[in-house]
Amino acid sequence: MIAVVVALILQATAAVDQPLPDPAQEARAQSLMRELRCTVCENEPVSQSTADMAVDARRKIRQLVGEGSSDGQVRDFFVERYGDYVSFRPSNWLLWLFPFALLVGAGALLALRGFSRRHRELAPVPDDRNNESA
Amino acid sequence: MIAELGHLLAFLALAAAAGQSVLGLTTGGETVRRLAVASGMFSLLAMITLIICFVRLDFSVALVAENSHTLKPLIYRIAGAWGNHEGSMLLWCLVMAGYGAAAGLFMQPGKLRDRAIGVQGLLTTASFAYLLFVSSPFTRLIDAPFDGGGMNPLLQDPAVALHPPMLYLGYVGMSFVFSLAASGLINGQIDREWAKRTRPWALFAWSALTIGIALGAIWAYYELGWGGWWFWDPVENASFMPWLVGAALIHSLIVTEKRGGMSAWTVFLAVLAFVLALLGTFLVRSGVMTSVHAFATDPTRGIVLLVGLGLAGGAALALFAWRAPTLKPGPEFDPVSREGALVLNNLFLSVAAALVLVGTVTPMILQWLGDTGMISSEAASLSIGEPYFQLTLAPMVAILLLFMPLAQAATWRKAEVSPLMKWLAPAAVAAVVAALVAMAMGGWGLWLGFGVLVGVWVVFGVGFDVMRRVGPGGAGRFFRMPLTVWGMAIAHLGIGIFVIGATVETATRTERTFPLKPGEIAEMGGWTYEFLGVSPVDGPNYTALRADIKVTHGGSTEIIQPETRSFPVARTSTTEVAIRKTLTGDVYVALGDQVRDVPGSWRIRIAQHPLIDWVFGGAGLIAIGGFLSLAARVRRRSPAHAADTEATTGQGPAVPASTPA
């Protein structure tokens, strides 16, 4: 319901895609546009869609960035209104931790096995061509 | 008659595959081979009959009536045969039976071949049973319509005509790698010989998968009109997971083949690649998500696929659990060695696959939990997209690639790093310089610098490694490098080029939508775009609005014409972008909608995609490298050449460049 109201408010404003005068702010706005989902499209960020929702969302992102909002504040603005679904950047820390934990855990396991198995000094296999044709 | 003939041929293919599986898993022998070839031939003929139905627009066939149309151009009538669920399932069956037939034609006779063909026969039989009893492409209509329903117009694109066959050669090709793994496990023979005979199949399937995925990306870039080539869409991830596991597999197979090590892990990867391919098919076809690939969604298909996935995966894992304790560990190796480097490669690639898997299925599982009321709908709606995959995957891939030039120069069992330094120090310098230049030009983004650093390090690292192998002998020795080295060098070079292209493109692409009236001018990045107006154009099965835009850059002027096409039969419209290629990248213009409340004003989306061709070119090189490695194996196997190889290796060490022959 809130989403519908916001969408209507957003729609009432004219559709212009005017970049922000400050290039650094514009760059930030553009990267935010790639992170937020066009909710009326099929798996597209607002940066890429010509749908009205996306046009309005781009305008709103630029407005917020221009007013000095941080990236987090812009994301929160949209997540509050559209739910977690609108952000392609999940906020759940477990999701962010898991790949690195898996990498470190598996790496540590392999390292332990590798070093415990190493009983003596090994020499390189001198010629890998012989090996290839073996 | 022709559809009935196709139906009959499909039944014959099923019967042959059933026979092949029974004999292959029991007695073996020459008949297994003949049945596999017969099954492949029947499948091919069945596919050809379906294509004939599509080309002749036989609307009494339900599938043709639903998916074709008299106005459709010939090439898309042919491609239309697999541009729908039933037809693509027939293609799936054909590829599966085709691999069995290829094994019958090209593999040496023996237990490994016969059992592998047997397992492949089981998979083929199951696929044909599903095709014929649940989703037959040859069903007739009692009242044939005068015209058909047309195909999804988004699929009317040359890249997409070839995308499914290539993708299936890779995706379904993993089924034969799986069959070889199952055969090896049944025979209790997962050893160097097994790895040697499995690796060509894995290389072929993986290289084809690479091309298939690249064609999909090319299609997205040219046809979807938003200028992206990869969006971490579940459909894309579904093919990317088997690709990552396949990449790990073709590397761990090297360790098993050359040193007899990692055999349990290698065979596990061979099973996993196919299980992930099945999982991907389940995600795409079961209707758990909406996409251009989902065709008509149908939950029964999902259940059938899930059961198949469980059976194939479960049986293989049970086999694995039964045989794994008997697999012997390979010879010892120092952590700093080629074995160690390939273990590292496998660690990173499998964690990457796990990360893509979790990122892809988590939102679907949450949504399913929400739909069944187990969790609240707020908790159930979650999106995982580009920022997540980029921020987690990029550092991992970067670390992996920093090791790559060292790894490919490492010797087996134990490697000395210090002699490599004189080769790699210049590569490091080149990488740092290139990163600084890129950052200076592209606005000091850290990601940009990091990506270019890694990519250039890889490109130069590969270059110096080739120079080290060639040694002071010069050009003559360069061209006499073994094909395996060529394959590796070109594939790794492709990775470097891809990384440079992907980072530069992602970090510095600019896009903007301009509302323009005829006569108005937009400026972006040193280019001027004058909108001249929109005019209607008629195509074979669509009507289009075509914009004329005068592009000026550095004194040269050109008219480009982006279109929006509307397809009356399918009642949808597509975007046909206009692309102007330059040496440094693409200028990409799409015609959007008319601006509300402002008559005569159109939204024109203009984007610049620097180095976009490096992305596709890099992927192409990776696939070429894979095929070259495969060619090396095929050549080595032929008896005449085997004698030749003996002779050259007899002369002494040829590869380490420190001892020139």
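Which residue is the bridge partner of B:Leu545 in β6(B)? Keep that question in mind while setting up the view. This is a predicted model, in which local features need pLDDT of at least 70 and side-chain atom pairs count only at pLDDT 80 or more, while totals for chains, interfaces and linings use all residues. Residues are numbered from 1 along each chain as its sequence is written, and chains are lettered from A and ligands numbered from 1 in the order in which they are written.

**Stop 1: the strands around β4 of chain B**

Select residues 543-553 of chain B, which form strand β4; helices (H or I, at least four residues) and strands (E, at least two) are DSSP runs, numbered from the N terminus. Two strands pair if DSSP finds at least two bridges between them, and β4(B) pairs with strand β6 (residues 563-567) of chain B in the antiparallel sense over four bridges. Here the opening question is settled, since the partner of B:Leu545 in β6(B) is B:Thr564.

Now add residues 527-538 of chain B, strand β3, which runs antiparallel to β4 and is joined to it by 10 bridges. The two strands form a hairpin with four residues between them, and B:Pro536 stands opposite B:Leu545. Then add residues 556-560 of chain B, strand β5, which pairs with β4(B) in the antiparallel sense over five bridges, with B:Ile549 and B:Ile560 as bridge partners. In the hairpin of β4(B) and β5(B) there are two residues between the strands, and B:Gly554 takes a positive phi near 55°.

Going back along the chain, select residues 521-524 of chain B, strand β2, which is antiparallel to β3(B) and joined to it by four bridges. B:Ile521 stands opposite B:Glu530 in β3(B), and in the hairpin of these strands, with two residues between them, B:Gly525 takes a positive phi near 55°.

**Stop 2: the open sheet**

Next, display the open sheet of four strands in chain B, whose order is β1-β10-β9-β8 with antiparallel pairing. Its edge strands are β1 (510-516) and β8 (578-582), each of which pairs on one side only. The twist averages 20° from one strand to the next (axes are lines fitted to C-alpha atoms, for helices over the stretch in contact, and angles run from 0 to 180 degrees between N-to-C directions). At the β8 edge, five bridges join β8(B) to the antiparallel strand β9 (residues 585-594) of chain B, and B:Thr582 stands opposite B:Gly585.

Within β8 of chain B, pick out B:Ile579. Is this residue buried or partly exposed? B:Ile579 counts as partly exposed because it has 17 C-beta neighbours inside 10 Å; a residue is buried if 20 or more other C-beta atoms lie within 10 Å of its own, exposed if 12 or fewer, and partly exposed in between, with C-beta atoms placed from the backbone. Leaving out residues up to four places away in sequence, B:Ile579 touches B:Asp586 and B:Tyr588, where contact requires that the C-beta atoms, placed from the backbone, lie within 7 Å. The C-alpha atoms of B:Ile579 and B:Val589, 10 residues apart along the chain, are separated by 6.4 Å.

**Stop 3: the nonpolar cores**

A nonpolar core is a set of buried Ala, Val, Leu, Ile, Met, Phe, Trp, Tyr and Cys residues joined through C-beta atoms within 7 Å. The largest such core has 199 residues, and those with the most contacts inside it are B:Val177, B:Leu244, B:Val271 and B:Ala273. Helix α9 (residues 192-223) of chain B gives the most to this core, with 20 residues. Centre on B:Val271, which, leaving aside neighbours within four places in sequence, is in contact with B:Phe178, B:Ala181, B:Ala316, B:Leu317 and B:Phe320. A second, separate core of 15 residues includes A:Leu36, A:Cys38, A:Val55 and A:Phe78.

**Stop 4: a loop residue and chain A**

Select B:Ser286, in the loop between α11 (263-285) and α12 (299-323) of chain B. With 19 C-beta neighbours inside 10 Å, B:Ser286 counts as partly exposed; B:Val304, 18 residues apart from B:Ser286 in sequence, is 9.0 Å away, C-alpha to C-alpha.

Finally, select chain A, whose secondary structure comes to six helices and zero strands. Buried residues make up 29% of its 134 residues.

Note on methods
Contact = placed C-beta atoms within 7 Å.
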